[in-house]
Amino acid sequence: MKNLFYKIFGTITLMTLLCCVDGREFDEIDGSCTADISANITFAELDALVQDDVIQIQEDLILEGYVISSDRAGNFFGVLYLQDALSNPSKGLQLEMDLRESHLLFPAGSKVMVKLKDLYLGKKGSTLRIGSVFSSFGNLSIGRLPRGKVLDHLFLSCDGGGLVAPLVTTIPEIDSIPTNVLVQLESMEFTEDEFGETYAIAQEETERALMDCKENEIVLLNSGYADFQNETLPEQNGTITAVLARDGDTPQLVIRTLEDVNFTEQRCPEIITEFTSNRIFISELADPDNNSSARFVELYNSDNEPLDLNLWTLRRYTNDNTEVSSTIDLSGLVIGAESTLVISPKAEEFELVYGFAPDLGVSTNSPADSNGDDNLELVDPFGTVVDVYGIIGEDGSGTDHEFEDGRAVRNSDITVGNSVYTFSEWIIFNDSGDAGTIKQPHNAPEDFTPGIRD
């Protein structure tokens, strides 16, 4: 009876304090703690109990954990996040509970004991969850533990607690970090698309994009009911501390208060990923007389430095068309110093014929699949034509840029591209010999040198 009296008295006192305090800026309550409860299950062992369906825990199991979340600013609601150690945690979980202003009893860093008997256990993706249960269309799901039941299961420990050391990580490493633990990421900033926005839209859960200095991105999830909802996002760079949650496989960061965002440094230097150079040009075109599937286009970089071809394109103008017929996006490729880059419309056939794989395999009817009377343009990321083969708007048949059933190869003394087709820069073989070209059909593989600058 005495214990029951103190439990009722404590609950009434807590509710009285919560009702009489205006706003969230008030001190933590000096509540009683317990020293006579010992843990008999670890986070990992609890995780091993998870089944396909939600289960109710029937045994007298007690879990020890450390609080890493806080509802002081209203960004967390109806949930308490726990991890298994103050530093270097290996597991985390979320306790669903209907207890407002829980930070007054269980502030961040508190060591708590959870009596698991009669609670429900489940997992959503990699997120371990405990709480009450509700049914939807016959399926059980984890729900909030009723307020009157919370203090029957959750106890503040007199032993331990302290400052939680966030797990320092990076966006590329985040997939290897356990869910529901406190993390810290450095050299972070909001993307420019977020400039001028607030942390959240009022009364709506809102995602904001963060990125590091290598432009890796991650979501910051904010509540539209948080007391910082209407604060403008900082435009500087810095460190963010947050609980790592996951929506399926997608990582999300959730801050406790604005004190978790320390963005006071200069933003990352702009990463330049688009480069131009006139040292890249078309060096060989092939339309073998004996095998049209062995066609290819060869590019050459005469510079002594490699070049990233991000946003470079190769365009084809079929016959006498003045509009682009097809395009190859060269993004993702790097052409080496004084090296070639070979593109094939039928990569498997190319390898069978020439004995090695092309640098890029593309589709048929692409710029690499010309039958010898089409025109090509090599275009840099800024829309400038760096090199051209043929005359746009002129069908190549019977002209000085026809290479049907043959080969067009750039003279070895050419070291830069040319935005105006110049016949004297080329040696052209075909089946007609018109307009100064050489009437000499070529067969693959013996008459071609893909990957070798002649």
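**A walk through the predicted model**

In this predicted model, strand β17, which spans residues 280-286, pairs with strand β18, residues 296-301, in the antiparallel sense over six bridges. One of the residue pairs that can be picked out is I280 of β17, which stands opposite N301 in β18. Strand β17 also pairs with strand β27, residues 407-410, again in the antiparallel sense, here over three bridges. Within that pairing, the bridge partner of L285 in β27 is A408, while A286 has R407 as its bridge partner in β27. Strand β17 is mostly covered, since seven of its seven residues count as buried, which for this model means a relative accessible area under 20%.

These pairings belong to a wider arrangement. The strands form an open sheet of seven, in the order β24-β23-β18-β17-β27-β28-β29, and the pairing across the sheet is mixed. The edges are held by β24, residues 360-361, and β29, residues 438-439, each of which pairs on one side only. As a general point, the strands of a sheet pair through backbone hydrogen bonds, which can run either parallel or antiparallel.

A helix accompanies part of this sheet. Helix α4, residues 347-354, lies across β18, β23 (339-344) and β24, and the helix runs at about 120 degrees to β23. Which residues of α4 are buried, and how are they placed around the helix? The residues F350, V353 and Y354 of α4 are buried, and, seen down the axis of α4, the buried residues fall within an arc of 75 degrees, so they line one face of the helix. The buried residues of α4 pack against β18 and β23, whereas E348 and L352, on the other side of α4, are exposed. Following α4 comes G355, whose phi is positive, near 90 degrees.

Turning to another part of the chain, L244 lies in strand β14, which covers residues 237-247. With a relative accessible area of 0%, L244 is buried. If neighbours within four places in sequence are left aside, the contacts of L244 include I174, I177, P178, T179, N180, V181 and V183, and P251, Q252 and L253 are also among the residues that L244 touches. One of these contacts can be described further: L244 and N180 are 64 residues apart in sequence, yet their C-alpha atoms are 5.2 Å apart in space.

A buried histidine can be found elsewhere, in a loop. H103 sits in the loop between β4 (92-96) and β5 (111-115), and at 4% relative accessibility H103 counts as buried. The side chains of H103 and D71 are joined by a polar contact of 2.7 Å.

The covalent cross-links come last. How many disulfides does a search of the whole structure find? Such a search finds two disulfides. One of them is formed by C33 and C158, with their sulfur atoms 1.8 Å apart. This link of C33 and C158 is right-handed, with 100 degrees about the S-S bond. Because C33 lies in the loop between α1 (2-20) and α2 (43-48), and C158 in the loop between β9 (154-156) and β10 (167-169), the pair ties together parts that are 125 residues apart in sequence. In terms of accessibility, C33 is partly exposed at a relative accessible area of 40%, and C158 is partly exposed at 39%.

The other disulfide joins C213 to C268, at an S to S distance of 1.9 Å, and the link of C213 and C268 is left-handed, with -75 degrees about the S-S bond. Here C213 lies in the loop between β12 (206-211) and β13 (217-222), and C268 in the loop between β16 (261-265) and β17, so this pair ties together parts that are 55 residues apart in sequence. The loop holding C268 therefore leads back to β17, the strand with which this account began. Of the two cysteines in this link, C213 is partly exposed, with a relative accessible area of 32%, whereas C268 is buried, with a relative accessible area of 14%. When the bonded cysteines of the protein chain are numbered in sequence order, the pairing reads 1-2, 3-4.

Methods: Residues numbered from 1 in each chain as written. Predicted model: local features only at pLDDT ≥ 70, side-chain atom pairs only at ≥ 80, totals over all residues. Heavy atoms only, no water. Buried < 20%, exposed > 50% of the residue type's maximum accessible area, 1.4 Å probe, protein only. Helix = DSSP H or I, 4+ residues; strand = E, 2+ residues; numbered from the N terminus. Pairing = 2+ DSSP bridges. Contact = heavy atoms within 4.5 Å. Axes fitted to C-alpha atoms, helices over the stretch in contact; angles between N-to-C directions. Disulfide = S-S within 2.5 Å. Polar contact = N/O pair within 3.5 Å; in protein donor to acceptor, adjacent residues only side chain to side chain. Arc of directions from axis to C-beta.
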